[in-house]
Amino acid sequence: MTDPARARKLADRIQQIVAEMLERRIKDPRLGFVTVTDARLTNDLRDATVFYTVYGSDAERADSAAALDSAKGVIRSEVGKRTGVRHTPSLTFVPDALPDNARQINDLLAKARAADEQVAKVAEGALPAGEANPYREARSEEDVDETDGDDADNAGYSGS
């Protein structure tokens, strides 16, 4: 087990190295517009997972995944040279689902906003169903004295 802070620093360094490699050294034509979003290391520093996003169609995403898989060895050797660790971690490239999740959340929020606007339009000229003030209010002693003397209100009540 290593220090989690050391693993996080090494993961950040691997992310930088992979991003630079994809930008400058890897010249595969199948590689689309790839952005490295995150890198994570296991606690034993043996395996690194690199998360990436690709803009484009599903076919372009598949081509970019194949290009990353074929360049994995070159990228791993460069990571080993530039990090100086005893054992170079094996690399696994995983498409990041974060942009898709964010897009889905934005769509749901837009639907909720539209539904709220529709409810606001319906309620625009609406009046309350009951009285203007539906809450019971405490009666003053004067109101109580006036109603106690009414025999019409207590008709049919036999006080026993």
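The following legends describe close-up views of a predicted model. Local features are given where pLDDT is at least 70 and side-chain atom pairs count only at pLDDT 80 or more, whereas totals for chains, interfaces and linings use all residues. Residues are numbered from 1 along each chain as its sequence is written, and side-chain values use heavy atoms, with hydrogens and water left out.

**View 1. Helix α1 and its buried residues.** Helix α1 (helices being DSSP runs of H or I with at least four residues, strands runs of E with at least two, both numbered from the N terminus) has 21 residues and reaches 30 Å from its first C-alpha to its last, close to the 30 Å expected at 1.5 Å a residue, where the expected span is 1.5 Å times one less than the number of residues. Among its buried residues (under 20% relative accessible area, with exposed over 50% and partly exposed in between, for a 1.4 Å probe and protein chains only) are A7, L10, Q15 and M21. The buried residues of α1 pack against β1, β2, α2, α3 and β3.

**View 2. The largest nonpolar core.** Such a core is a set of buried Ala, Val, Leu, Ile, Met, Phe, Trp, Tyr and Cys residues joined through side-chain atoms within 4.5 Å. Of its 27 residues, I14, V18, L22, I75 and F93 touch the most other members. The elements giving two or more residues are α1 (4-24), β1 (33-41), β2 (47-55), α2 (58-70), α3 (72-83) and β3 (90-95), and α1 gives the most, with eight. Leaving aside neighbours within four places in sequence, V18 is in contact (heavy atoms within 4.5 Å) with V36, V50, I75, V79 and F93.

**View 3. The β1 and β2 hairpin.** These strands pair in the antiparallel sense over eight bridges, pairing requiring at least two DSSP bridges between two strands. T35 has T53 in β2 as its bridge partner. Five residues lie between the two strands of the hairpin, and L45 in the turn has a positive phi of about 60 degrees.

**View 4. E78 in helix α3.** E78 lies in α3 and is buried, with a relative accessible area of 12%. Not counting residues up to four places away in sequence, E78 touches I17, M21 and R25. The C-alpha atoms of E78 and I14 are separated by 9.7 Å, although these residues are 64 residues apart along the chain.
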